Amino acid sequence: MTVGGGPVVEEEKAEGFTIPPDVKQLGIIAGVISAVILIFPGLPAVIKAVGLILALVWGMDSVRKTSKYGLGTGVPSIGVLAMGYGIVGALVGIALVSKVVSKVGDSVLAPAAALGGVLLMGVVGLVSGVLSNHEKIIGMKIPKLEQGMTELGMAGTLAMLLQFSIVAGSLEFGVVLDKAISNGLIAVMFILSCMAMFHPYNACLGPDERRPRTMIVSVEVSGLLCVILGIVVAAVATTTWGVSGVVDGVLLVIFGAVVWLVCFVKFVRMCFEEAYSTVGTGMIKTIE
Amino acid sequence: MPIEIAMLFAWMLLIVFLALVACMFEDLESDVGSQSNPNSQVQLAPQVGQVHRFFNKAISGEAPAYALYCTVAGVIAWVLLSKGAHPIIAIPIGAVVGEAVHLIFSVTAHVGRTTAQKRFEQPIYLDVLYGHIMPIATHGFMATLCITAIAYIQSNLGTLSGNPGLDHPFALPMLAFIWGITVGAIGSSTGDIHYGTEREFQDRPFGEGKRVVYHGKITRYADCGVRTQKDIAAFCAKFGGPCTGLTFGVIILFENWRTLVGMQVARYLPNLEAAAGDSAAVIGIVVGLVIGVVMIVGNLVLVRWARKRYGTFVGE
Amino acid sequence: MDPILILVCVILGGVLASLGVHLLPVGGAPAAMGTATGVATGTVMLMFGAAMCGLFTASSVATFSDNILLVSLSGSVGSWLMMGVTMLVANVIYVFGTGIVPVSGRVDVDPITKEPQKAYKTPQCDGHGVPNVSYISGMVGALLGGFGGAIMYFGLLNYAHFEETMAGIAAMGIFVANAIIAAYNIGGTIEGFQDPKFKRLPKALVSCGVISLLCGVLVVLVVNLGGLTG
C-alpha cells in the first residue's frame, strides 16, 4: 500500500502557463471555475461535469502534494478525510442556499450561498492541518500540510455540491434531500469521489511517478463517475435544463464515456511506453 | 399485517449464507489480484532486486475498494428496481457494472505501479495483465453479487416477511456501502494473513513470524516455472478463504440473530408492539455481551494451547 | 432541536472514535507477514468497519427504541462482536495456518494474564498474532468506538432531525475524519494500551475534540438554516 522509494525530489516550477497547469495554477483555475459553475444549477449536466472534473483533479493534486512525504497511514486515508469533510460542507452549503431562498425568494444568485459552505470547510481543514502539524500537538511535520488540508476541505465540498447539483438539478435543501441523499446516492458519490482523489497517486506510486501521467488517471476516474451519475440522472431525476432529465442524463453518459475512454487508452499507452519494458511474456531475473 | 416469524428467520439465515460466500470470494479475489497489505511485499520485491510476475493491484485497502464496487452495484440495482425490474435481473446486472469498474481500476493500478518502478527493471508482462482479468472479475462478481443481495434483502426484510415496518431504514446503496466496507475490513484482517505469511514466503520455515530481513524476497517460483497469482488463489482457497467467509458469516449471524431474538422474546413480534421496543433492545445487548465474553475466553484458551503445544522459540 | 445535545453527541462520538483507534491492536502491513503484533489491516479502515457494523445494528434498534443509552449500547455491542470474531479467526489462522504463537513485541510480560512473551517471539520480529492483552484492548476499543458512532447517529437522527440515511452518512463522515486524525497521531500501527505509543492519547483527544466541536457547530448551522424540525 504505502511503500516509498528513493528520496523526495522537489519539482521545478514551470515558467508561465503550461499544459498541464502546475500545482499553484491548477488550484486557482480549478477553484474559480468550479465555484462559478456551481452558482448556476440550471446549467446542463455536461458543463457541471467539467467543473466536477476540475474539482476532483485539484483534490488529487493536494493529496499528491501531502502524501509525498509519508503520512504513515497511507494515501487512501487523506482522500477519505477530504470527502468526509466534503459531506459536512455540502450539507452546510445547501442549508445556506435554502436560508437565502427563504429570505430573499428565488433569486438567480441564491446558489452562491453554497460557497459559504466551501469556505467554512476550508477553515475546518485549516484547523485540522494546524492541529496535525503543530509540534506540540500531533506533530506530523509535513511541509504545507495546513495548505493541503485546507484545499482538500474546499475541493471535497465543491465536488460534492456539484454532484448534488447534477443529480438533483438544484441546490435547495429539500430537493437535494429527496433526490440525492434519502435514496442513498450520496454513498456512491462519496466513494467514487474518494477514489478519484486518492487512486491516481496510489496507483502510480513509485520513484518514477510523473505528475502529468497521474493527472490523466484522475480525469479518467472522474469520467467514470460521470457515467454512473449520468445513468442515475437519465433514470430518475429531472433537471432544470430545458428538456427532460433523460436527454440530460444520456448526454452526461456519453460525455463521461468519451472522457473515460480517451484518458484510459492514453494512460495505458503511456505506461506501456514509459515502463522499463513491455513484453508479451518472459522469465524473471534476480538483481543482486 | 403480522410478521411471519418463520419467514423472517429464514430470510435471516439466507443472509448469513450469502455473507459466508461473499467474504470467502472477497478474500480469494484479493489474493488473485494481490491487494492490500501483502501487496506491499509485491511492491517491495523489485526494489530489492527480485523481479516478479505477480499482479500488482494497488487500488487501496480492501475496505474502500469493496465499498466502491458494492456501492456502484447497489446504485445500479436500485436504479433498475425503481424502474420496476425484478430483483433477479437488477441485482446481477448491478454486480456486473460494479465488476466492470473493478477491472478498470485494476488495470490502471497494475500498469501505473509497474511503470513507476522503471528504475528497478520490472517489466510489464502482458500475459500477466490479460491472464488475471478473468479470475479477478469472476471472484469479485461473486462477492459483489452476494453483498448486493444481502443489501436488497435487508432493506426489504419486513416487506418480504409480511410487514414493511421491519425494513431497515437505510437505503439500498447505503447498506451496500456499509457491508462493502465491513467485508473489505474483515477480508483484509483475516485472509491476508494466510496469503502474506504463508504463501508469499513459502520457502521460509513454517512456524515462525517472517523476519524483517525476509521482506521483499518473496517466493517467485512455482511448483513448475514462475509463480503468478493463479498459483496463489488455489492454495489460499483451502484455508484462508473459507476462514474469512466463516468470519463474516458468523458476524452477520450474531448481529441479526440477537436483534431478532430480542424482538421475539420481548413480544415485539409479530405485530410490532411499540411498548416492547426497549426490552427488545436490552435483550439484544445482553445476548451480544455474553457472546463476546465467550469469545474472550475462547481466545485465552487458544493462546494458552498454542503456547503449551508449540513451546518457546527454538533456533536462532 | 437542542443545540447543546447535538454538540455533546457529536463531540462525544468524535472523542470516543479517537480513543477507540488508540485501543485497537493494528499491525498494518507487517502484521500480514507475521512481523508485527495486531490485526493485519489499516487503523482507519478497521475502526471504520467496526463502527459501520455497529451503526447498522444501532439504526435498526433506533426504529423501535427511543432510549439514547440502549441505541448506543446496541451499536457498541455490534462493533464488539465484529472485532471479537475477526481477531479470534485471525488467531486461528496464525496458530493453525502459519504455526505462530501469538505474542506481543512491546512488553515482556502480558499485563493481564501475566504470561511471559519474549521466549515465544521469533527473533527480528516485532511480535506476531493477537495476544490476550491486545485482544481485550481491541474489544474495549471496538466497544467505545461503536458507542461513539451510534451516539453520533442518534444525536443526528433525533436531536438534529436528519433523515435516517442522511444521519447515517453524516455520522460516518464526521466519525471517519476523527479516526483519521487519531491515526496520524499513532503513525499507523499500535499494539493496544500496553504499547508506549498509547501515551500520546491526550493529544489526539484534544485534536479530535476540537474538530468534532467545529463539525458539531456546522451541524447545528445546518439544522437552523435548513429549517429541520421534528
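This passage walks through chain B, its contact with chain A, and a small sheet in chain C. The structure is a predicted model.

Chain B is a good place to start. Its secondary structure adds up to 12 helices and one strand. Going along the sequence, four helices come before the strand and eight follow, in the pattern α-α-α-α-β-α-α-α-α-α-α-α-α. Taken along the principal axes, the C-alpha atoms of chain B fit a box of roughly 70 × 55 × 25 Å. Chain B has 316 residues, and 60% of them count as buried. As for how the chain meets itself, the contacts in chain B between residues at least 6 apart in sequence were sorted by separation, and 77% of them turn out to link residues at least 24 apart.

Next comes the meeting of chains A and B. Chain A puts 52 residues into this contact, while chain B puts in 56. On the chain A side, the elements that supply two or more residues are the helices α3 (75-104), α7 (185-203), α8 (211-235) and α9 (245-274), along with the strand β1 (278-279). Of these, α7(A) gives the largest share, with 11 residues. Sorted by class, the side of chain A that touches chain B holds 34 nonpolar residues, 13 polar ones and five charged ones.

The two chains also pair through strands. β1(A) is joined by two bridges to β1(B), which covers residues 124-125, and the two strands run parallel. One residue pair here is Val279(A) with Tyr125(B), its bridge partner in β1(B).

Chain C offers a sheet of its own. Here three strands make an open sheet in the order β1-β3-β2, with mixed pairing. The edges are taken by β1 (36-37) and β2 (103-104) of chain C, each of which pairs on one side only.

The mixed character shows up when the two pairings are taken in turn. On one side, β1(C) and β3(C) run parallel and are joined by two bridges; in this pairing, Ala36(C) has Asp126(C) as its bridge partner. On the other, β2(C) and β3(C), the latter spanning residues 126-129, run antiparallel, again with two bridges between them. Val103(C) sits opposite His128(C) of β3(C), and Ser104(C) has Gly127(C) as its bridge partner in that strand. As a general point, side chains in a regular strand alternate between the two faces of the sheet.

Technical notes:
Residues numbered from 1 in each chain as written. Chains lettered and ligands numbered in written order. Predicted model: local features only at pLDDT ≥ 70, side-chain atom pairs only at ≥ 80, totals over all residues. Pairing = 2+ DSSP bridges. Contact = placed C-beta atoms within 7 Å. Nonpolar A, V, L, I, M, F, W, Y, C, P; charged D, E, K, R; others polar. Buried ≥ 20, exposed ≤ 12 C-beta atoms within 10 Å, placed from the backbone.
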